[in-house]
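This report looks at how the helices of one protein pack and at the space left between them. Please have the sequence and the model open while reading.

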Amino acid sequence: MSHICRSHLQEEVNSLATELFAGDRMDPNNQQLVNIRRSRVWQDACRAFSASTFNVAHGIRVKFIGESGVDGGGPRREFYRLLVETVCSTSGLLEGSDGNKIPLHNCTALKAKKFFLLGVMAGMSMLDGGPGLPVFSASVLHYIATDSILCRSMEDLPDPMVRHYLLVVGTNK
């Protein structure tokens with residue numbers, strides 16, 4: 001996504017957040033403390049964001065367990081960066097190559113509302129000036145925006161073996 005498009009999207013998200021949430025999300029007195037272990041970022045994030053006391057209208061303050069420091073923004077940005085890495089590698093929610101991810105067929109995660117939690121985390125990341133979740137293929141983004149399926153390229157297929165065989169079949173016509 002170009003810097004201009006991302007900047008415009010960030011402005012739109014912030015505008016919507018101002019309309020939806022009363023109060024200042026960045027006010028440290030309103031923010032919720034989220035304790036994160038670097039070795040278990042996804043698990044700790046799921047625990048915190050699914051807690052009955054969690055309120056998306058409030059921002060978050062991040063504390064990395066075993067580390068000193070006050071969250072003036074740095075730990076929160078680091079958390080969102082690590083969250084994107086972890087979601088892409090170990091969450092069991094996404095598959096495909098870097099920058100070309102698609103949701104993985106995972107009924108257990110769907111029932112456990114992990115995809116919903118991921119959406120909440122991505123939205124909060126954007127509200128807090130973080131990266132959001134800039135990992136999806138163009139086809140996934142198209143589907144999210146339009147509710148219609150569009151397969152733009154072989155790269156949209158996450159399985160490298162399937163891609164390989166389709167390319168072989170396509171060249172042997």
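## What counts as a cavity

On a 1 Å grid over the protein atoms alone, a cavity is a set of points where a 1.4 Å probe fits but cannot get out. By this rule, the model, which is predicted, has one cavity of 30 Å³ or more.

## Overall organisation

The protein contains seven helices and four strands, and, read from the N terminus, these elements follow the order α-β-α-β-α-β-β-α-α-α-α. Of its 173 residues, 34% count as buried. Among contacts between residues at least 6 apart in sequence, 63% join residues that are at least 24 apart.

## An enclosed helix

Helix H2, which covers residues 41–49, is largely enclosed by the rest of the structure, because seven of its nine residues are buried. Buried here means under 20% relative accessible area, and the residues of H2 that meet this condition are Val41, Trp42, Asp44, Ala45, Cys46, Ala48 and Phe49.

As for what surrounds them, the buried residues of H2 pack against two strands, E1 (32–36) and E2 (60–64), and also against the helices H3 and H5.

## The packing of H3 and H5

Two packed helices are described by the angle between their axes and the distance between the axes. For helix H3 (residues 74–89) and helix H5 (residues 114–127), the axes come within 11 Å and cross at roughly 145°, and the crossing in which H3 passes H5 is left-handed. On the H3 side the contact is made by Tyr80, Leu83 and Val87, while H5 contributes Leu118, Met121, Met124 and Ser125. By residue type, the contact of H3 with H5 consists of six nonpolar residues and one polar residue, with no charged residue taking part.

An α-helix has 3.6 residues a turn, so residues three or four places apart point the same way.

## The cavity and its lining

Rolling a probe the size of a water molecule over the atoms shows where empty space is left. In this model the largest cavity holds about 40 Å³ of space, and its lining is formed by Leu83, Val84, Val87, Leu118, Met121, Ala122, Gly132 and Leu133.

Which helices each supply at least two residues of the lining of the largest cavity? They are H3 and H5, the pair whose axes come within 11 Å. The lining divides into seven nonpolar residues and one polar residue, and none of the lining residues is charged.

Terms used:
Residues numbered from 1 in each chain as written. Predicted model: local features only at pLDDT ≥ 70, side-chain atom pairs only at ≥ 80, totals over all residues. Heavy atoms only, no water. Axes fitted to C-alpha atoms, helices over the stretch in contact; angles between N-to-C directions. Left-handed = near helix turned anticlockwise from the far one by under 90°. Contact = heavy atoms within 4.5 Å. Nonpolar A, V, L, I, M, F, W, Y, C, P; charged D, E, K, R; others polar. 1 Å grid on protein atoms, 1.4 Å probe; cavity = no way out; pocket = protein on both sides within 12 Å on 5 of 7 lines; lining within 4 Å. Points joined across faces, edges and corners; volume = space filled by probe spheres on them. Buried < 20%, exposed > 50% of the residue type's maximum accessible area, 1.4 Å probe, protein only.
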